[in-house]
Amino acid sequence: MVIKDGSTLPENRPISEAEIAVVEWLIENASMAGSLAHLREGVRGLRVVGRCHCGCASVEFVDGGQADGARIIADAIGADSDGRGCGLILWSLEGRISGLEIYEREGDSSKEIPAVATLKRWEEA
């Protein structure tokens, strides 16, 4: 999801149950930044403020959540309902969860939030 060129579409909604499940899994199982346990408490209170214009399932929880200064805090792989591989990145900006990126690894696999049962750390791929 590219932020700088204005490709984020505004959205204003609570985080979905599927998004909650994936974000919590990433926090617990795929950290690239040490323990992320302190972030788990606020997950259910996140609001989606933007989504990618391309139609993928990537969302932002903070305006500019993947802009300069944001960092990757968790990274994993999963699969869509047709079994096609996708990648997932959890972003942080100023100590807060700022975005969930879902990107294609096979075909058109980024259009939906993958089921938690399909998630794996990159090391397990």
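Lys120 belongs to strand 7, which spans residues 120-121. The structure considered here is a predicted model, and three of its residues serve as guides in what follows. Lys120 has a relative accessibility of 40%, and it therefore counts as partly exposed. Apart from residues up to four places away in sequence, Lys120 touches Trp25, Ala76 and Ile77. A further relation concerns Ala18: 102 residues separate it from Lys120 in sequence, while their C-alpha atoms are 16 Å apart in space.

The second residue is Glu24, which is located in helix 1, a helix formed by residues 17-29. Glu24 counts as buried because its relative accessibility is 13%, and the cut-off for a buried residue is under 20%. When neighbours within four places in sequence are left aside, Glu24 is in contact with Arg40, Val43 and Arg44. With Arg40 there is also a polar contact, made between the side chain of Glu24 and the side chain of Arg40 at 3.5 Å.

The third residue, Glu94, is found in a loop; this loop joins strand 5 (85-93) to strand 6 (96-104). The backbone of Glu94 deserves attention: its phi is positive, at about 55 degrees, although the residue is not a glycine. Glu94 has a relative accessibility of 72% and so counts as exposed, the cut-off for that class being over 50%.

Taken in turn, the three residues illustrate each accessibility class: Lys120 in strand 7 is partly exposed, Glu24 in helix 1 is buried, and Glu94 in the loop between strand 5 and strand 6 is exposed.

Note on methods: Residues numbered from 1 in each chain as written. Predicted model: local features only at pLDDT ≥ 70, side-chain atom pairs only at ≥ 80, totals over all residues. Heavy atoms only, no water. Helix = DSSP H or I, 4+ residues; strand = E, 2+ residues; numbered from the N terminus. Buried < 20%, exposed > 50% of the residue type's maximum accessible area, 1.4 Å probe, protein only. Contact = heavy atoms within 4.5 Å. Polar contact = N/O pair within 3.5 Å; in protein donor to acceptor, adjacent residues only side chain to side chain.
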